[in-house]
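Okay, thanks for squeezing me in. I'd like to walk you through one model this morning, so let me put it on the screen.

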Protein chains: 2
Amino acid sequence: MTTLAASRQFDHAAKIVNFDQETICPPKGMADQGEVLAMLENQSFRLTKEPQFTAAVEALYQEKEDLDPLDRALIKHLHRDYSKSKNITPDKNLEFQKIYNQGFVDWINAKKHADFSLFEKSLAKVRDANLEDLSLREYDGEKPKTKYDALFDDYEEGMTEQDLDAAFGAFAERMTPMLREIKTHGKKIRTDFLTREVTDVQQQEMADYLLHLLKFDFERGAWTTTEHPFTDNIGKDDARVTTHYYPTNFLSSMFSIIHECGHALFMQLQPAEDYDHDINDLQTMGMHESVSRFYENRIGRSRAFISLIYPKCCEIFPQVFTDVSEEEFYEAVNVVEPSLVRTEADEFTYTFHIIIRYELEKRIVNGELEVDSELPDKWNTLYEKYLGVTPANDREGILQDVHWASGFGYFPTYAIGNMYNAMYYNRMAQDLNIEETIRAGRFDIINSWMAEHVFKEANRLAPKDWIRQVTGRDFTPEDFLAYLEKKYSALYEI
Amino acid sequence: MTTLAASRQFDHAAKIVNFDQETICPPKGMADQGEVLAMLENQSFRLTKEPQFTAAVEALYQEKEDLDPLDRALIKHLHRDYSKSKNITPDKNLEFQKIYNQGFVDWINAKKHADFSLFEKSLAKVRDANLEDLSLREYDGEKPKTKYDALFDDYEEGMTEQDLDAAFGAFAERMTPMLREIKTHGKKIRTDFLTREVTDVQQQEMADYLLHLLKFDFERGAWTTTEHPFTDNIGKDDARVTTHYYPTNFLSSMFSIIHECGHALFMQLQPAEDYDHDINDLQTMGMHESVSRFYENRIGRSRAFISLIYPKCCEIFPQVFTDVSEEEFYEAVNVVEPSLVRTEADEFTYTFHIIIRYELEKRIVNGELEVDSELPDKWNTLYEKYLGVTPANDREGILQDVHWASGFGYFPTYAIGNMYNAMYYNRMAQDLNIEETIRAGRFDIINSWMAEHVFKEANRLAPKDWIRQVTGRDFTPEDFLAYLEKKYSALYEI
């Protein structure tokens with residue numbers, strides 16, 4: 001067995017242990033299991049640090065132009081990873097992993113008690129680990145301009161602070177006045193029925209219906225519930241999604257399952273040979289989020305999709321839909337309502353949540369902002385500035401997301417995803433009548449188009465090259481902004 | 001980190017992967033995951049085969065009388081294991097593990113199709129692996145008299161075919177005529193309400209109630225549902241139980257959760273220092289089954305327990321208990337009804353199911369019976385002989401249990417367990433008014449007695465020494481037979 005295959009087996013085991021921690025591991029069992037997880041991750045890490053292996057990667061990298069395209073993609077990736085981690089010893093790596101695992105445990109506890117002070121020290125250690133990791137790196141080519149660029153490159157290769165500042169700047173400039181307009185002069189949308197009580201059993205039935213409707217492959221995937229919904233690609237025939245039920249917010253589990261199903265479809269429908277060549281997880285986070293948000297927002301919140309699922313909603317949730325028309329349901333799933341919690345945010349205000357996190361983490365990583373007891377206030381101030389709302393406590397404020405417990409630099413990928421998918425939606429519209437295809441429930445056709453155009457080269461190209469290949473155009477936030485302006489000015493009659 | 005601790009970490013990871021396979025892994029993901037599981041088990045195995053480690057075990061074994069009692073128990077166990085496995089190479093071990101994992105996969109499929117022929121080849125390989133394993137063993141002291149003795153010793157150290165033949169012989173001799181008497185002259189017991197339909201949600205509420213009632217520690221344990229209920233000691237603070245819901249058999253999930261809770265209490269209430277000394281899983285299977293059956297039968301099916309839970313049953317399952325008295329409920333949970341499926345068998349006929357499996361597996365292991373297409377018929381013939389019933393297909397016949405997929409020699413531990421707990425029930429009765437304690441719901445008192453008397457030395461003594469220490473008497477089936485005779489002659493008025 002090759003070193004890479006052996007390392008993948010430890011990764012596979014680590015994914016299972018992680019999934020177990022997220023789903024069923026009891027509170028007092030978490031610490032031991034964290035140790036096991038760190039051990040497995042370290043075993044995998046050690047294997048890819050073995051001199052024979054790194055020498056082979058170096059040698060193949062020199063001859064990369066002679067390799068077939070899939071092997072070339074793998075070697076470029078391995079060399080990139082190797083260059084980033086060559087100075088990180090196994091012991092140092094284990095130390096980092098333990099910090100991130102402890103971060104997760106402390107975050108759970110701090111969120112439970114709505115008290116950031118229980119997480120503060122851990123978060124500072126996570127930042128230090130991130131920075132120490134960066135300080136140990138060597139670069140083949142040009143060195144990133146800022147620490148944040150270096151970190152963000154891990155998630156979205158080739159994208160920089162400059163790209164983000166431009167995209168988020170344009171967003172804030174055009175959407176801030178529009179949000180004000182919606183709030184002051186927009187049509188009133190009825191939402192009273194969204195908080196009507198439903199049972200877990202009803203929500204379970206709805207999630208199962210949606211997964212079947214979107215053609216999730218149950219032979220090669222599974223689903224369950226967790227505190228925070230996520231998707232995990234455990235193996236080539238094992239993509240898992242989770243959701244969470246709230247008794248007075250049935251939309252939450254519906255749209256989280258559609259979102260996670262999008263991630264899973266990407267995993268299930270990417271080229272089989274990408275799994276055979278061990279390049280199956282080289283998509284960037286931004287690409288992945290573009291797909292999950294394509295299914296969640298561009299499909300899930302479209303007029304056509306609501307029309308398709310409305311009868312089933314009436315059937316499964318009769319107590320909710322007793323006096324709700326299809327049009328009222330469409331309006332309600334698209335209501336714009338500045339709020340505190342990112343995962344519950346509407347499509348319009350969502351990007352503001354990301355901008356807030358980006359502004360904080362960019363300054364933390366670049367050394368312009370301290371991780372201390374004042375951080376929750378700074379979080380709250382930005383919520384007031386962009387969205388006009390203020391968290392009542394840390395649980396609904398700075399502790400709401402798990403991400404920082406294992407490091408910074410991830411959040412902007414969510415917003416970049418919306419911008420990618422707006423671009424390829426417009427490309428898809430050249431080939432398909434999208435609304436009609438959705439109304440007909442033909443997700444096999446949509447999924448096939450996605451597989452052929454969006455998924456096919458995702459493991460093989462960096463984001464800027466990939467989006468150019470899919471759409472024929474350079475990355476721009478313009479399509480997304482135009483989509484929001486058109487959809488929401490019509491909805492709110494402004 | 002010591003070799004032993006490292007090996008335990010791989011074991012821990014393997015337990016998680018195994019639990020995942022049993023609970024959520026999708027069908028097509030099973031094969032890859034089986035490979036991961038085999039790899040982890042082999043990593044653990046390799047570590048305990050390292051020359052430094054085995055040399056240390058050998059050296060400490062020579063000085064075992066100078067060790068403290070807990071270290072001595074550990075070293076005796078490690079030396080015993082080492083002696084058994086010293087000639088098994090890591091490759092050979094990996095081969096065995098793959099056979100057992102494949103056995104599990106094939107058993108699932110064969111049971112699904114109710115077709116033993118889909119499992120036959122795998123089962124023959126399991127038998128061959130068991131026999132090859134035995135052929136490679138060396139023994140310090142006396143060699144076991146038969147192959148079955150050698151295999152059964154893995155599960156119940158020091159117990160032999162001779163002990164089993166004596167105990168099962170006495171059982172069959174006294175209980176066969178009594179079963180005939182019950183069937184021909186016994187009082188008619190009302191059971192119509194046992195098949196009334198219930199929902200999963202109701203059964204879930206009942207299982208949760210029972211686990212709380214019996215003082216399962218939810219901070220150090222978790223529960224879920226699986227095809228086949230089981231308990232798993234993942235780690236010192238992580239004991240897991242599972243159950244299975246049948247819509248028209250609510251008793252099934254009730255008594256399976258009580259049974260598995262018994263196993264979990266043993267794990268949660270054994271001495272903490274046994275975990276610290278790595279001897280926490282040295283109880284035999286028979287000891288473990290004695291405890292689970294103590295909770296399931298001696299407590300769960302007692303008049304006092306039924307009286308305690310009857311009001312809650314009426315509350316959770318109103319549609320079942322609308323016309324059922326407490327006395328009728330007590331009689332129904334103890335009804336004697338010869339049946340096909342071991343896990344659904346009543347307390348009285350249960351041992352016959354074990355005797356059937358024992359007769360087959362003893363002959364298979366000792367080379368007197370072939371694993372071939374005639375095996376299902378032989379199974380069916382024994383069911384006719386002892387219980388007067390015949391399976392309609394292999395699913396409710398020879399394919400009903402998972403156990404043989406990973407080897408022979410386990411089943412008799414279930415029946416031995418009933419005989420142990422009948423002995424220590426009588427010892428407990430000298431200290432406590434058991435019926436009154438149950439009626440008062442004081443399972444803290446019962447659990448404490450169990451911890452002090454039954455659990456305390458279980459990891460440190462072989463079964464015959466342990467039961468003598470707990471009860472002051474040598475192992476005998478007599479207490480169990482006397483208990484059955486007294487309880488069931490009263491119930492059936494014979």
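So, let me start in the middle of chain A: across the interface of domain 1 and domain 2 of that chain, the rule finds three salt bridges. Keep in mind that this is a predicted model. If you want a salt bridge to look at, try the side chains of R8(A) and D278(A), where N to O comes out at 3.8 Å. Then there are the polar contacts: ten residue pairs between domain 1 of chain A and domain 2 of chain A, with both partners at pLDDT 80 or more.

Which elements of domain 1 of chain A give two or more residues to the side that touches domain 2 of chain A? That would be four helices of chain A, namely α1 (3–23), α4 (69–85), α5 (90–112) and α6 (117–135). The largest share of that side comes from α1(A), with nine residues.

Let me back up and say where these domains are. The domain assignment puts domain 1 of chain A at 2–143 and domain 2 of chain A at 162–492. Take the centres over C-alpha atoms, and domain 1 of chain A and domain 2 of chain A are 26 Å apart. In terms of contacts, 34 residues of domain 1 of chain A are touching 42 residues of domain 2 of chain A. How much area do the two bury between them? For domain 1 of chain A and domain 2 of chain A we get about 3200 Å², and 66% of that sits on carbon and sulfur atoms. On the domain 1 side of chain A, the residues that lose the most area to domain 2 are F19(A), L70(A) and F116(A), which together make up 22% of what that side buries.

Okay, on to the two chains. Chain A puts 34 residues into the contact, and chain B puts in 34 residues. Between them, chain A and chain B bury about 2700 Å², with 64% of it on carbon and sulfur atoms. Over on chain A, Q9(A), I24(A) and K28(A) lose the most area to chain B, together 20% of what that side buries.

How many salt bridges does the rule find across the interface of chain A and chain B? Four. A salt bridge worth zooming in on joins D20(A) to R240(B), with the closest N and O atoms 2.6 Å apart. As for polar contacts, the count between chain A and chain B is six residue pairs, both at pLDDT 80 or more. On the chain A side that touches chain B, at least two residues each come from α1, α2 (30–48), β1 (221–225) and β3 (238–243) of chain A. And the largest share of that side is α1(A) again, with eight residues.

Last stop, a little sheet tour in chain B. Three strands of chain B make an open sheet, in the order β1-β3-β2, with mixed pairing. The edges are β1 (221–225) and β2 (231–235) of chain B, each pairing on one side only. On average, neighbouring strands here are turned by 20 degrees against each other, ignoring direction. β1(B) and β3 (238–243) of chain B run parallel, paired over five bridges. If you need a landmark in β3(B), find V241(B), the bridge partner of W223(B). Finally, helix α1 (residues 3–23) of chain B lies across β1, β2 and β3 of chain B, at about 145 degrees to β2(B).

That's my tour, so fire away.

Methods. Residues numbered from 1 in each chain as written. Chains lettered and ligands numbered in written order. Predicted model: local features only at pLDDT ≥ 70, side-chain atom pairs only at ≥ 80, totals over all residues. Heavy atoms only, no water. Pairing = 2+ DSSP bridges. Axes fitted to C-alpha atoms, helices over the stretch in contact; angles between N-to-C directions. Contact = heavy atoms within 4.5 Å. Domains from an automatic or database assignment. Buried area = accessible area lost by both parts, 1.4 Å probe. Polar contact = N/O pair within 3.5 Å; in protein donor to acceptor, adjacent residues only side chain to side chain.
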